[in-house]
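Reader: Please show me the model. I will then ask about it piece by piece.

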Amino acid sequence: MNRLGELERAIMEVLWQTESSLTVRQVSNGLTQRNLAHTTVMTVLDRLAKKGFARRERDGRAWRYRPAATREAYVAELMLTALEQTGDRDAALARFAQSVSGAEAVVLREALARLEREQREQQAEGDSEIGLWGNWPSRRCSPRSP
């Protein structure tokens, strides 16, 4: 998974903040702390679409952009990428577990329990693979991939 650059992330934040698809002009207007040329925003949105982070659709002569996945899915993929870089996944996961708050630990336990239920249901249906990104063009993963 590629990490987003500073400008790419700012643009994705604008896309993540809305339910609807946005034009380049609307994205530019959402970048409140930046004074960027229209063509710069257009170029970055085009790159984000080519990288698979954004989806685009024609609206007359203009393009409308929306995120390909949620902010949470992107962050989760970053976490998985970081986990792949360690020589000892178990130790990294244990260290991470030590660093979360009690409320975050509850969220993790609930998510793991839900995942186990979903995996049992999918295995009963004959499909044991779960995609983190849904239909995002990315790798497929399971909770304990090597």
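Reader: Which residue just after α6 takes a positive phi?
Author: This is a predicted model, with residues numbered from 1 along each chain as its sequence is written. Local features need pLDDT of at least 70, side-chain atom pairs count only at pLDDT 80 or more, totals for chains, interfaces and linings use all residues, and side-chain values use heavy atoms, with hydrogens and water left out. Helices are DSSP runs of H or I with at least four residues, strands are runs of E with at least two, and both are numbered from the N terminus. Just after α6, a positive phi of about 95 degrees is taken by Gly126.

Reader: How far apart are the end C-alpha atoms of helix α6?
Author: The expected span is 1.5 Å times one less than the number of residues. For the 24 residues of α6 (residues 102–125) that gives 34 Å, which agrees with the end C-alpha distance of 35 Å.

Reader: Over how many bridges do β1 and β2 pair?
Author: Two strands pair if DSSP finds at least two bridges between them. Strand β1 (residues 54–59) and strand β2 (residues 62–67) are antiparallel, and Arg58 stands opposite Trp63 in β2. The pairing of β1 and β2 runs over 6 bridges.

Reader: In the hairpin of β1 and β2, which residue takes a positive phi?
Author: The hairpin has 2 residues between the strands. The positive phi, near 70 degrees, belongs to Gly60.
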